[in-house]
Amino acid sequence: MGSPDHGDVADVPYYAALANYLGYAVLICFGYLRDAAGRLFRLQKYRTRPGYAPLLRDFDDFYTRRLYHRIQDCWGRPISSPAGAWIRVVSRRFVRTPTGLTLEVDVPRTDGPPPACSADDAAALARAPSRRVLNMGSYNYLGYAEVPGGVDGSVLDALDAYGVSTCAPAAVGGHMDVHERLESVVAAYVGKPAAIVLGMGFATNAQLLPALVGAGCLLLSDALNHASIIMGARSSGAAVRVFSHNDMVSLEAVLRAAIVDGQPGSGAPWRKILIVVEGMYSMEGETCDLRAIVAIKKRYGAYLFLDEAHSIGALGATGRGVCEHYGVSPADVDVMMGTFTKSFGAVGGYVAASEAVVAHVRAAASGVLYATTMSPPCAAHILWALSQIAGTDGTTVGATKLADLRANSIYFRSRLTAMGVKIYGDYDSPVVPIMLFHPAKIAAFSRECLARGVAVVVVGFPATPLLLSRARICLSAAHTRADLDRALDVILDVATLLQIRFHRPSLLARMVHAGRVLRGVALGLGGSSRWVGARAG
């Protein structure tokens, strides 16, 4: 099980909470004052055309203009390299336009007229200066986003044989033999009778859940489930109940009450009840309590949908996800979903289940019927990566990557704990949330890290609760020990500057924690040559 620290606002230091609320209050007050002044003195900009209602909802528009646009440089940075352990970030600058602040690529000035370009201008990107920085933000868990020596030959062969795109949904000419092979390999890898693959990971949840549940059904969703699950649940027509994050008491109470009460109004029994959880929560770095969830779903006759977007390829001795991680049989999970955009360095997603369920999804899901299928070269890349991860290629490349990822995760987290910053999640999770709390520190942490040569992802409201802003570090098997030490040195420097070292543990606590880490290494990381070599050095 994961750490009990999973984003509870009660865990926020009082002074951090007070500063957080004051910071948002100041930003909002000044934003409304500027809007009021704008309506008085810049009527043309703020006035709605006669006869038209406002196109944008007021507070959403306000939040975007007055809060997000001030720190928009922390997101959407153009990259001019593969998303490997090191990346090249293209320089941008703020420009004031009649509609407000915007960003444009920082193209060097010439003697001629100033270039009119944006981040979307390919020619400008080619001329703009870039900087090589350490990438601590991409979901490149096993390092397949950047393949040393170039992509495998099978990927280039698929490009020659099939082209870049199928240009059609599966039912009308878009389903190719490479997709057939991928579906067969994925089903065997995760331990299910059948599987179906899609070209977009987000759509795998958002467009397939409505094919599984509808009117008269009940969907029980973890409070911290991904937006794709929320969108799929809302569009399904099923009733939705939310239980507290990873809280089995809450899940059982909500499930029992739903069974007792039945459908609203009529009290009729639910047609079916589907529990939806994630294998590893991408904002928390915490795994679901899968054993307990399976026990509850069996006790009450519910179905279980498991989203393994972040856990497949990253957890388990052979990368088979949270089922392998906790020793749960895949047969106990009714529907297993995952994506290829993290551990596999590609695009798309899959759903694995019984042959009957997969056949129904293939015939009823909008993401299958109307969306273009996965690019064949991407399918070939996933097949090649899976062969390494599963060890069917006859090498130990995949096993070494998995061991290195776990070793990196344990080492990085132990160093952060000793540093005194507040982190959430399991001790061996590659997703590491560093809590910032204060809104001003969201941009400051991102900018200061980038200035020191480290690219990080920062997240705030509304993606997280108001008080729980954070930086989210994603570790990779491609990171060397030198890379991690460099990142830790920068984070220590920035954390000290921003005063986010909220609790430095005592010497005794650090010794106990180090002992636990070393015990975990001895039990689970014997196969990692890089870890052994680093410890010996």
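When I say that two residues are in contact, I mean that heavy atoms of the two lie within 4.5 Å of each other. Please keep that in mind, and also that what we are looking at today is a predicted model.

Let me use the definition straight away on Leu290, and ask which residues this leucine is in contact with, once its neighbours within four places in sequence are left aside. The residues are Leu304, Leu306, Val322, Cys323, Tyr326 and Val328. Leu290 belongs to the largest nonpolar core, which has 62 residues, and together with Leu182, Ile275, Val277 and Phe340 it is among the members that touch the most others. Helix 15, residues 376-390, gives the largest share of this core, namely seven residues. Apart from that core lies another one, of 41 residues, including Ile71, Leu134, Leu468 and Ala487. As general background, nonpolar side chains in soluble globular proteins tend to be buried together.

Now let us turn to the sheet. Seven strands form an open sheet with mixed pairing, and their order is 5-13-12-11-8-6-7. At the edges are strand 5 (194-198) and strand 7 (239-243), each of which pairs on one side only. If we ignore direction, neighbouring strands of this sheet are turned by 20 degrees against each other on average.

I would like to stay with strand 8, residues 273-278, for a moment. Why can we call strand 8 largely enclosed by the rest of the structure? Six of its six residues are buried, and therefore the description fits. Buried here means a relative accessible area under 20%. Ile273, Ile275 and Val277 point one way from the strand, while Leu274, Val276 and Glu278 point the other way, and all of them are buried.

Strand 8 also has partners. With strand 6 (residues 218-222) it runs parallel, joined by four bridges, and one of the partnerships is that of Ser221 with Val276. With strand 11 (residues 303-307) the pairing is parallel as well, over five bridges; here Val276 has Phe305 as its bridge partner, and Ile275 has Leu304. Across strand 8 and strand 11 lies helix 11, residues 290-300, which runs at about 155 degrees to strand 11.

My last topic is the aromatic rings. A pair of rings is described by the distance of the centres and the angle of the planes. Counting rings whose centres lie within 6.5 Å, we arrive at eight aromatic pairs. In one of them, Phe340 and Phe344 have ring centres 5.6 Å apart and planes at 75 degrees, so this pair is edge-to-face. Both Phe340 and Phe344 are buried. Another pair, Phe437 with Phe502, has its centres 5.1 Å apart and its planes at 65 degrees, and is therefore edge-to-face too. Because Phe437 sits in the loop between strand 14 (431-435) and helix 17 (439-451), whereas Phe502 sits in the loop between helix 18 (481-498) and helix 19 (507-524), the pair ties together parts that are 65 residues apart in sequence. Phe437 is buried with a relative accessible area of 0%, and Phe502 is buried with 14%. Ring pairs link these two phenylalanines with Tyr15 into a cluster.

Finally, there are charges over rings. The charged end of Lys401 sits over the ring of Tyr144, 4.6 Å from its centre, and Arg481 lies over the face of Tyr411, at 4.0 Å from the ring centre.

Technical notes:
Residues are numbered from 1 along each chain as its sequence is written. This is a predicted model: local features need pLDDT of at least 70, side-chain atom pairs count only at pLDDT 80 or more; totals for chains, interfaces and linings use all residues. Side-chain values use heavy atoms; hydrogens and water are left out. Rings of Phe, Tyr and Trp (its six-membered ring) pair if their centres lie within 6.5 Å; planes under 30 degrees apart count as stacked, over 60 as edge-to-face and the rest as tilted. Buried means under 20% relative accessible area, exposed over 50%, partly exposed in between (1.4 Å probe, protein chains only). Helices (H or I, at least four residues) and strands (E, at least two) are DSSP runs, numbered from the N terminus. A charge sits over a ring if NZ of Lys or CZ of Arg is within 6 Å of the ring centre and within 35 degrees of the ring normal. A nonpolar core is a set of buried Ala, Val, Leu, Ile, Met, Phe, Trp, Tyr and Cys residues joined through side-chain atoms within 4.5 Å. Two strands pair if DSSP finds at least two bridges between them. Axes are lines fitted to C-alpha atoms, for helices over the stretch in contact, and angles run from 0 to 180 degrees between N-to-C directions.
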